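Trainee: Could you pick one part of this model and take a close look at it with me, then connect it to the rest?

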Amino acid sequence: MKQTERYWQPVALAAMLLGIGLATVGCKGGKGADKDAATVVAPQSLTREAALLKIFDEGDFHRVEITNPWDTAAQLASYILVPRGTEPDSLPAGEYVRVDVPLERSLVYSSVHAGVIDELGAAGAVAGVADGEYFTREPFVSRIAGGEIVNVGQSMSPSLEKIVALAPDAVLVSPFENAGHGVIDGAGVPVIECADYMERTPKGRAEWVKFFGLLYGVPEKADSIFNVVEAAYDTIAANVAAAPSRPIVLTEMPADGYWFVPGGNSYVAALIADAGAEYPWRNDRSAGSLQLDFSSVYAKAADADFWLIRTYGRDLTLDDLRSVYLLNTQFKAFKNGNVFVANSAKVPVFEDAPFHPERLLMEYATIFHPEVTGGKLKYFHRAR
């Protein structure tokens, strides 16, 4: 049985080849662009945890710079966020995309991003979505069903007619390496590169809420959300740091002959470490997934104390693991009954974790160190 991780909705980059007749937003330079840079004190970024996101308060607008996750010496995108209905006295030199904020009719491709927009109180500004069948939270489910929010279809092949009729004021997508947006790059609608999923630390990804706060006109609320998340995360990590043991943790399961495990420099590896556990591939420097065969995984993780598996649509049992591959029964975690499963079709583990990593950190800490947290599990359950 192939288990598919749905950590974010597939993004319709190819489908962005659309000729939407909206006003051009690409800008270069502007009034005051020749200002003597030597007399200007460079502002400090409003972010401190995110490695890929920098936000600068320029007074009458915000400047946002997104680093290319696949080439950190380069910019993926630069934005000028201008309060709707105003015109700044001066704009910076260089190439950027101007976005009038707050957004009012955005097209959002990810249910994860829609969720944080809702938490910010701006769900009404989501006019369209892709892959609407994968949106499981209210108010989106009801609004999609009732047609209040337009489902433009599958993210890789959306309906051109629906998107043109929607006339969004911005499209929020998750970028892929070496993949552009086709003719939409010059079609006049801002494309917001939501590269948050490429952050390597849980708090770094969570801090992207500040960008969404600016896009939807509620920066103070976004700051408040992140401050609460950061404080809770740090408290949980500090509590388990002194735990007398650091159990070894294995994740995921083999599918179609391969086992995809998170790299040692990944978000998941960081979360496991902060939850007071050891990850077998902690010395690996990969930020993405490692494609391994069973023997390679077994050589590293045969003695893992816990085995965490995320599934979609089925509550995996120990018999299922046995039937998928008999040698799964040889892992220490299987023998000791320490296999924990989260069915993401039933619990919002993928929706909650990106912007509320403290919730998943508490979950992991409760599994690894129940004597410290004393909490109850929300996402995972012990496989029987």
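Mentor: Let's start at the hairpin that β2 and β3 form, with four residues between them. In the turn sits Gly59, and its phi is positive, about 95°. The two strands, β2 and β3 (residues 62-67), run antiparallel and pair over five bridges; for strands to count as paired, DSSP has to find at least two bridges between them. One of the bridges puts Ile55 opposite Val64 in β3.

Before we go on, some ground rules. This is a predicted model, so to speak a computed one throughout: local features need pLDDT of at least 70, side-chain atom pairs count only at pLDDT 80 or more, and totals for chains, interfaces and linings use all residues. Residues are numbered from 1 along each chain as its sequence is written, and side-chain values use heavy atoms, with hydrogens and water left out. Helices (H or I, at least four residues) and strands (E, at least two) are DSSP runs, numbered from the N terminus.

Just ahead of the hairpin, the loop between β1 (26-28) and β2 (53-57) holds Arg48. Its side chain meets that of Glu230 in a salt bridge, 2.4 Å from N to O; the term covers a side-chain nitrogen of Lys or Arg within 4 Å of a carboxyl oxygen of Asp or Glu. The pair links distant parts of the chain, since Glu230 belongs to helix α6 (residues 219-241), 182 residues apart from Arg48. How covered are the two ends? Arg48 is partly exposed at 49% relative accessible area, whereas Glu230 is buried at 12%. Buried means under 20% relative accessible area, exposed over 50%, and partly exposed in between (1.4 Å probe, protein chains only).

Glu230 brings us to α6, which has a helix partner. Two packed helices are described by the angle between their axes and the distance between the axes. For α6 and helix α7 (residues 267-274), the axes come within 9 Å and cross at roughly 55°. The axes here are lines fitted to C-alpha atoms, for helices over the stretch in contact, and angles run from 0 to 180 degrees between N-to-C directions. That makes α6 and α7 oblique to each other; under 35 degrees would be roughly parallel, over 145 roughly antiparallel, and 65 to 115 roughly perpendicular, with the rest oblique. Tyr233, Ala237 and Val240 in α6 meet Ala270, Leu271 and Asp274 in α7, contact meaning heavy atoms within 4.5 Å.

Next comes β12 (residues 259-262), the strand that contains Pro262. This proline is buried, at 9% relative accessibility. Leaving aside neighbours within four places in sequence, Pro262 is in contact with Thr251, Val268, Tyr279, Trp281, Gly288, Ser289 and Leu290. Its C-alpha atom is separated by 8.9 Å from that of Glu252, ten residues apart along the chain.

Now a sheet. Five strands make an open one in the order β8-β7-β6-β9-β10, with parallel pairing. The edges are β8 (150-151) and β10 (191-193), each with a single partner strand, so one side of each has no neighbour in the sheet. At the β8 edge, strand β7 (residues 126-129) pairs with β8 in the parallel sense over two bridges, and Val129 stands opposite Asn151 in β8.

Back to charges. The count of salt bridges comes to 23. Among them, Asp320 pairs with Arg314, with the closest N and O atoms 2.6 Å apart; Asp320 is buried at 10% and Arg314 is partly exposed at 38%. Another joins Arg359 to Asp352, at 3.8 Å between the closest N and O atoms. Shared partners then tie Arg137, Asp352, Glu358, Arg359 and Lys378 into one network. Within this pair, Asp352 is buried at 4%, while Arg359 is partly exposed at 34%.

Glu358 is also one of the buried residues of helix α12. That helix is mostly covered, with ten of its twelve residues buried; Leu360, Leu361, Tyr364 and Phe368 are among them. Its length works out too: at 1.5 Å a residue, the twelve residues of α12 (residues 357-368) should span 16 Å, and the end C-alpha atoms are 16 Å apart, which agrees. The expected span is 1.5 Å times one less than the number of residues.

Zooming out, the protein chain has 13 helices and 16 strands. Of its 384 residues, 52% count as buried. Among contacts with a separation of 6 or more, 64% come from residues 24 or more positions apart.
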